[in-house]
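Reader: I have the sequence and the model open side by side, and I would like to go through them with you a piece at a time. Could you start wherever you think best?

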Amino acid sequence: MTPEQNDLLCRVEGDAPMGKLMRQHWLPACMSEEVAEPDSPPRRVRLLGENMVVFRDSEGRVGVLDELCPHRRASLVFGRNEECGLRCLYHGWKFDVNGKVLDMSSEPEDSHMRGKVNARAYPVVEEAGFIWVWMGDPDNVGEFNAPNWSSASEGNISIMKIHGACNWAQILEGAIDSSHSSSLHSSNMPTAEDVSGSTATETAWLRPSADKSPRIEVEKTSFGFRYAAIRKPIKDADKQDYVRTTLFIAPFTAVIPSNDQYHLSQLLIPIDDENTYFYWIAWSEDPEKGIGQDAWRKFCGAEVGKDVEPVTYKKVRNYDNNYLQDREAMKDGDFTGIYGIPCQDMAMWESMGKIADRSEDNLGTSDKAIFTFRTQMYRAAQSVQKGGAAIGAGSDALPQSKLISFQGMVPKGEDWKQYNISDEERALREAKAHSKAKREPAE
Ligand code: FES
Ligand SMILES: [Fe+2]
């Protein structure tokens with residue numbers, strides 16, 4: 001990629017086209033649990049280089065306002081959250097969840113400012129464990145497209161959150177890179193002979209294949225793309241393939257293959273050009289399956305207060321301390337010596353630099369999905385730059401709640417693209433094929 005294309009792909013701050021593209025989607029501002037209780041402490045949230053404050057008022061309503069008070073620009077994060085509003089500490093102005101000034105305590109009763117000044121408030125939706133915010137045109141708020149884990153049964157959504165000290169796109173490229181799981185995560189995803197698909201234990205995900213160089217096949221879709229990583233299985237390799245599909249739902253969601261206990265989705269949310277929130281969601285629609293919140297964070301090595309700092313979600317094992325890599329453990333057979341799948345990933349992503357220089361890398365055949373992501377997304381940013389619609393948004397967006405990945409054995413000769421497809425996507429596919437056939441009539 002040229003440096004210009006790399007900037008188009010990665011940068012989200014200010015007027016950057018990718019930031020404008022993301023503003024045409026609802027963005028997760030934080031997890032619901034970060035402002036769990038009415039009148040609990042407000043939280044600072046930074047998205048696309050802009051600072052906001054999130055708070056839950058006495059009646060449980062959530063507000064997202066610009067962080068700085070419209071009076072003289074002090075931070076509302078320090079404010080008092082009580083009696084249905086957030087009160088700035090500096091001169092006592094108080095705001096409701098819609099940004100309306102409830103009290104202008106430093107001004108006389110007849111002040112000309114009353115009724116004219118408000119805090120900027122963002123439209124908010126609370127769903128599926130997250131507070132979602134609309135940072136785009138306030139006069140043209142897009143329809144909320146619930147994520148696939150909104151199909152989970154009651155209480156069956158577990159979320160891990162960690163801060164990544166690098167650009168969102170190199171983290172996303174890790175989420176759509178099946179081949180690295182056979183090396184980087186090989187100690188956590190070991191080969192097992194007696195399983196027919198990905199099988200979760202308390203400490204590992206067993207896998208019925210030892211193939212480290214999967215064949216990658218990509219299918220572009222209206223929401224982004226879907227790809228299959230096709231591996232030789234241990235058993236009956238002449239009759240079947242072990243297939244794992246991953247979905248990229250533009251601009252920032254990846255749905256990676258499930259195991260026998262839970263589905264797995266990821267959100268790679270740009271804090272700014274050089275920092276990202278990495279959310280990993282384990283969920284199940286089956287109340288008998290899934291994994292509890294504490295067990296999930298323990299499995300990931302992302303327990304709050306132990307592996308990540310409270311509030312900031314910054315990692316205890318990080319670039320400055322070489323992720324506390326244990327060379328003795330490596331001698332004893334642990335592939336990386338780094339604890340936890342996300343931390344192993346972070347060591348790779350953050351070591352590339354704040355924004356990876358993509359003019360210097362050498363993509364191979366196993367990087368087909370990475371190549372597709374780069375070209376699809378910098379072109380999508382170019383299109384927004386020219387005034388076009390954002391990829392994955394608007395009227396032709398498929399319901400995300402129906403988008404799911406696939407993993408399992410596929411008999412040789414069968415098409416993996418037919419597996420785990422929603423009726424909506426099948427209909428859209430057929431309509432597209434039909435209009436293509438009409439445009440190109442047979443001779
Ligand atoms: S700066 Fe907030 S009330 Fe004055
Ligand atoms: Fe990974």
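Author: This is a predicted model, and a good place to begin is helix α6, residues 341-351, which is mostly covered, with 9 of its 11 residues buried.

Reader: Which residues of α6 are buried?

Author: The buried residues are Ile341, Pro342, Cys343, Gln344, Asp345, Met346, Ala347, Trp349 and Glu350.

Reader: And what do the buried residues of α6 pack against?

Author: They pack against two helices, α3 (168-175) and α4 (293-300), and against the strands β11 (157-164), β13 (205-206) and β19 (275-283). After the helix comes glycine 353, whose phi is positive, near 105 degrees.

Reader: There is a metal in the picture as well, so which residues coordinate the iron ion?

Author: The iron ion (ligand 2) is coordinated by NE2 of His180, NE2 of His185 and, through two OD entries, Asp345, at 2.1 to 2.5 Å. Asp345 is one of the buried residues of α6, and histidine 185 counts as buried too, because its relative accessibility is 2%, where the cut-off for buried is under 20%.

Reader: How are those donors of the iron ion spaced along the chain?

Author: They follow the spacing H-x4-H-x159-D.

Reader: Why is the arrangement of the 4 donor atoms called irregular?

Author: The angles that the 4 donor atoms subtend at the iron ion (ligand 2) run from 56 to 151 degrees, and this is why the arrangement is irregular. A tetrahedral label would need all angles to lie between 85 and 135 degrees.

Reader: Changing topic to cysteines, how many disulfides does the structure hold?

Author: The structure holds 0 disulfides. Cysteine 300, for instance, is in no disulfide, and the nearest cysteine sulfur, which belongs to cysteine 343, is 11 Å away.

Reader: Is cysteine 300 buried or exposed?

Author: Cysteine 300 is buried, with a relative accessible area of 1%. Cysteine 88 is likewise buried, at 4%.

Reader: Cysteine 343 was also in the helix list, so which residue in a loop is in contact with it?

Author: Arginine 317 is in contact with Cys343, and, leaving aside neighbours within four places in sequence, its other contacts are Gly301, Asp307, Tyr323, Leu324 and Tyr339. Arginine 317 has its place in the loop between α4 and α5 (327-331), and it counts as buried because its relative accessibility is 10%.

Reader: You mentioned β19 earlier, so which strand is joined to β19 by bridges?

Author: That is β18, which runs antiparallel to β19 and is joined to it by 9 bridges, with serine 265 standing opposite isoleucine 281 in β19. A hairpin of 2 residues links β18 to β19.

Reader: How much of strand β18 is buried?

Author: Strand β18, residues 263-272, has 10 of its 10 residues buried. It is also joined by 4 bridges to strand β17 (residues 253-256), again antiparallel, and threonine 253 stands opposite leucine 267 in β18. In this case the hairpin joins the two strands, β17 and β18, through 6 residues.

Reader: What kind of peptide bond joins alanine 250 and proline 251?

Author: A cis peptide bond joins them, with omega about 5 degrees, and proline 251 is found in the loop between β16 (240-249) and β17. Most peptide bonds are trans.

Reader: Going back towards the start of the chain, in what order do the strands of the open sheet come?

Author: The 4 strands come in the order β5-β6-β7-β8, with antiparallel pairing. β5 (80-81) and β8 (101-103) stand at the edges, each with a single partner strand, so one side of each has no neighbour in the sheet. Between β5 and β6 (residues 86-87) there are 2 bridges, and asparagine 81 has leucine 86 as its bridge partner in β6.

Reader: Which loop holds glutamate 83?

Author: Glutamate 83 has its place in the loop between β5 and β6, and cysteine 84 lies in the loop between these strands too. Phi is positive in both, near 45 degrees for glutamate 83 and near 60 degrees for cysteine 84. Glutamate 83 counts as exposed because its relative accessibility is 64%.

Reader: Last one: which domains does the assignment give?

Author: The domain assignment gives domain 1 (27-133) and domain 2 (154-437), with C-alpha centres 34 Å apart. Across the two, 16 residues of domain 1 are in contact with 15 residues of domain 2.

Terms used:
Residues are numbered from 1 along each chain as its sequence is written. Chains are lettered from A and ligands numbered from 1 in the order in which they are written. This is a predicted model: local features need pLDDT of at least 70, side-chain atom pairs count only at pLDDT 80 or more; totals for chains, interfaces and linings use all residues. Side-chain values use heavy atoms; hydrogens and water are left out. A disulfide is a pair of cysteine sulfur atoms within 2.5 Å. Buried means under 20% relative accessible area, exposed over 50%, partly exposed in between (1.4 Å probe, protein chains only). Contact means heavy atoms within 4.5 Å. Donors are N, O and S atoms within 2.8 Å of the metal (3.2 Å for Na, K and Ca); water is not among the atoms, so sites may look incomplete. Four donors count as tetrahedral if all angles lie between 85 and 135 degrees; four count as square planar and six as octahedral if opposite donors are over 155 degrees apart and all others between 65 and 115; anything else is irregular. Two strands pair if DSSP finds at least two bridges between them. Domain bounds come from an automatic or database domain assignment.
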